[in-house]
There are 2 protein chains.
Amino acid sequence: MALAPSEILAARLRRVRGHVEAAGLDALIVTHLPNVFYLTNFTGTSAIVVLTADALYFITDFRYLAAVQAGLDTRIGCPGATLVAVDRSYDETLAGVLKDRGFARVGFEAERMTVARFNWLTAALGGDANAVSPGTARSGGAPVLAPTERVIEGERLRKDAHEIETLRTAAARLSQMAPAFLASLSVGETERQVAARLEWTIRQAGFDRPAFDTIVASGPNAGLPHARPTDRRLEAGDLVVLDFGGVHDGYCVDLTRTVSMGPPGPEARRIHQAVAEAQAAAIRAVRPGVAASAIDRQARDTLERHGLGEAFGHGTGHGLGIEVHEEPRITRRPPHDEVMDAGMVFTIEPGAYLPGFGGVRIEDDVLVRDDGCEVLTEVPRELVAAGGSRDGGHEPR
Amino acid sequence: MALAPSEILAARLRRVRGHVEAAGLDALIVTHLPNVFYLTNFTGTSAIVVLTADALYFITDFRYLAAVQAGLDTRIGCPGATLVAVDRSYDETLAGVLKDRGFARVGFEAERMTVARFNWLTAALGGDANAVSPGTARSGGAPVLAPTERVIEGERLRKDAHEIETLRTAAARLSQMAPAFLASLSVGETERQVAARLEWTIRQAGFDRPAFDTIVASGPNAGLPHARPTDRRLEAGDLVVLDFGGVHDGYCVDLTRTVSMGPPGPEARRIHQAVAEAQAAAIRAVRPGVAASAIDRQARDTLERHGLGEAFGHGTGHGLGIEVHEEPRITRRPPHDEVMDAGMVFTIEPGAYLPGFGGVRIEDDVLVRDDGCEVLTEVPRELVAAGGSRDGGHEPR
């Protein structure tokens with residue numbers, strides 16, 4: 001894996017420490033694993049980071065200790081990390097770290113920490129879980145737990161040079177494998193078989209794993225925006241929506257194309273054309289200074305002009321990075337209506353879903369640059385007709 | 001998919017409603033998706049349930065509305081569910097449902113709800129997020145949010161007839177595919193290639209998807225209990241730990257075997273034998289009335305007698321069901337040291353990890369029955385020697 005070199009991690013840590021200091025915190029508890037990965041390159045499934053102005057306590061358990069210790073001194077090691085082994089439980093070890101250091105005010109990720117864990121920690125630190133709420137000062141020497149939101153997520157919004165390079169490589173890889181796969185669909189295959197072949201192909205292309213459960217929705221199932229693959233067999237005349245992605249060196253890319261089994265009929269062509277126009281309009285709108293909701297509006301207005309406004313019920317896109325759904329959200333009313341800035345990476349994926357008939361979605365990944373928009377995925381957007389021989393592909397059947 | 005029939009859902013709802021009533025709650029907010037699935041058969045990725053004594057409000061968004069609506073009247077539909085479409089956001093729609101119904105006291109899943117969501121909801125319901133903490137009564141007509149823990153998880157601990165049948169089928173399927181796959185490993189394949197082949201085989205066997213990221217750890221990497229597959233090529237003399245699972249009709253099964261590339265040496269045989277003994281001892285201890293920690297102790301004591309106590313740093317097992325890691329936890333000091341009862345399903349997976357040398361883990365899935373223990377997975381536990389021709393398997397290369 002080509003993970004972020006230590007100097008990139010150092011720069012991330014510097015920026016996050018700036019936020020921690022500005023918020024008047026002695027430390028930040030990082031429990032959200034994608035944020036832990038962002039700061040440390042840790043790829044396991046259990047760890048907690050406690051970040052202070054001059055230290056980083058890395059709490060993990062037996063399963064990961066040896067690997068993490070060995071990684072610290074490499075060129076992708078986390079600078080200045082102190083390894084803390086979990087003794088009885090993560091929570092108890094975390095409480096121990098917080099108490100021993102005599103912190104007065106410790107931030108936590110309020111969007112990630114559960115109420116139960118917060119209450120437990122509060123009690124363990126010497127407060128009373130049921131009488132104290134986030135951010136309230138307490139008597140005695142116990143640290144106050146202060147809720148924070150989007151401290152690290154805010155940094156992750158703008159990808160750094162390492163992340164952009166990783167996402168470009170991943171998107172190019174996905175783009176390269178997609179056309180042959182799309183052309184390989186054949187009448188008689190089930191959606192589940194297609195999904196299995198597709199995930200196999202994603203791994204063969206060198207991805208660590210699929211970025212999410214692959215969607216293969218055919219015929220009437222394509223009228224459901226998020227159908228799961230079923231045992232339905234592809235039939236001549238079907239539209240088939242394929243939504244798939246891969247994880248490369250910890251970063252997710254995501255692509256959707258719609259394939260016609262045999263020559264598409266006029267209604268299929270009309271809907272596909274409208275969705276393609278909506279996508280192009282949204283992509284044209286992507287540049288620094290534009291609000292996420294304004295990009296969404298471009299796609300939505302286009303579909304409404306084609307009489308397909310009601311058929312497009314979901315958002316236009318979502319951020320991509322360590323998580324396959326992250327900020328910015330490109331929707332009508334995003335919780336945070338981000339103004340585009342260089343380094344943001346997200347999907348543009350309008351669709352139209354007509355119950356009983358079927359549906360179309362077209363999705364690409366874009367990067368905001370100072371000079372506009374770079375489309376990272378490059379796969380023909382025309383409505384591909386497949387459905388030929390079942391012996392055409394290289395993939396396992 | 002053969003999901004739970006409506007009458008099974010009705011029985012689950014009846015039991016959970018009993019707990020809700022006993023806790024003096026007018027309603028329970030269910031945000032944990034596996035719990036939503038347990039109550040409703042919903043397999044999507046976004047939904048919230050509000051359960052009252054005589055109603056079930058099912059909140060979901062555009063993407064799932066049509067599919068959920070269509071499913072309600074089938075034999076696997078959720079009895080008595082009222083569909084509520086998300087308008088602006090899940091949280092706003094949830095707040096609307098809670099306010100409109102005039103509830104006085106509403107439970108929420110404290111181990112699942114984040115502090116940020118709790119604070120937002122509290123404020124939206126007419127309280128003050130930063131002055132009120134979980135469970136505090138408030139003036140005015142706004143409902144009080146009361147933390148609950150393990151209401152539905154407690155029910156899920158003992159599998160019902162539908163779940164046991166589903167898990168048996170899944171375990172039999174995994175057992176059937178495993179031996180040929182284990183024998184197919186060949187020198188020169190990379191861990192990542194093996195993992196890709198294995199996940200493909202899992203899908204071909206009819207599973208919805210792998211239950212987790214497959215572990216293939218070879219040679220020194222097998223000395224790390226939770227290594228990710230790397231580009232390391234299998235070598236003669238390696239021990240290879242393969243830990244894999246599948247999801248069948250929403251339920252997870254999980255299996256680990258260790259393979260020797262070529263004839264194993266004396267140290268490999270010794271360690272494998274010790275781990276196999278530890279596993280057998282733990283399995284023998286499984287019967288109603290025994291504490292989870294006592295089962296763990298059987299495995300741990302056995303390995304200690306073989307001088308491998310330090311080499312076994314993780315727990316002996318974890319519950320299986322809708323989640324691949326759920327209760328009961330079979331560890332030294334589980335947060336809840338469950339006493340075994342008929343219907344519990346979990347893994348027994350001791351291991352020994354020797355840095356530099358490699359490691360062994362053997363894992364099976366067991367069901368507690370009134371009369372003792374049923375081992376659901378049935379795959380030879382001997383140290384299999386593989387490493388022959390690369391052309392032997394049916395799987396794609």
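Domain bounds, as used here, are those of an automatic or database domain assignment. In this predicted model, the assignment divides chain A into domain 1 (6-155) and domain 2 (157-386). The C-alpha centres of domain 1 and domain 2 of chain A are separated by 35 Å. Contact between them involves 7 residues from domain 1 of chain A and 7 residues from domain 2 of chain A. On the side of domain 1 of chain A that touches domain 2, helix 2 and helix 6 of chain A each contribute at least two residues. Helix 2 of chain A provides the largest share of that side, with 3 residues. Classified by residue type, the side of domain 1 of chain A touching domain 2 comprises 4 nonpolar, 2 polar and 1 charged residues.

Helix 1 of chain A covers residues 6-22. With 1.5 Å a residue, its 17 residues should span 24 Å, and the C-alpha atoms at its ends are indeed 24 Å apart. The buried residues in this helix are A:Leu9, A:Arg12, A:Leu13, A:Val16 and A:Val20. Viewed down the axis of helix 1 of chain A, these buried residues fall within an arc of 100° and therefore line one face of the helix. Elements of chain A covering them include strand 1 (27-30), strand 2 (48-52), strand 3 (56-60) and strand 5 (105-109), together with helix 2 (33-40) and helix 6 (151-156). On the face of helix 1 of chain A turned away from the buried side, A:Glu7, A:Arg14, A:Gly18, A:Glu21 and A:Ala22 are exposed. After helix 1 of chain A comes A:Gly24, which has a positive phi, near 70°.

Key. Residues are numbered from 1 along each chain as its sequence is written. Chains are lettered from A and ligands numbered from 1 in the order in which they are written. This is a predicted model: local features need pLDDT of at least 70, side-chain atom pairs count only at pLDDT 80 or more; totals for chains, interfaces and linings use all residues. Helices (H or I, at least four residues) and strands (E, at least two) are DSSP runs, numbered from the N terminus. The expected span of a helix is 1.5 Å times one less than its number of residues. A residue is buried if 20 or more other C-beta atoms lie within 10 Å of its own, exposed if 12 or fewer, and partly exposed in between; C-beta atoms are placed from the backbone. The arc is that of the directions from the helix axis to the C-beta atoms. Two residues are in contact if their C-beta atoms, placed from the backbone, lie within 7 Å. Ala, Val, Leu, Ile, Met, Phe, Trp, Tyr, Cys and Pro count as nonpolar, Asp, Glu, Lys and Arg as charged, and the others, Gly among them, as polar.
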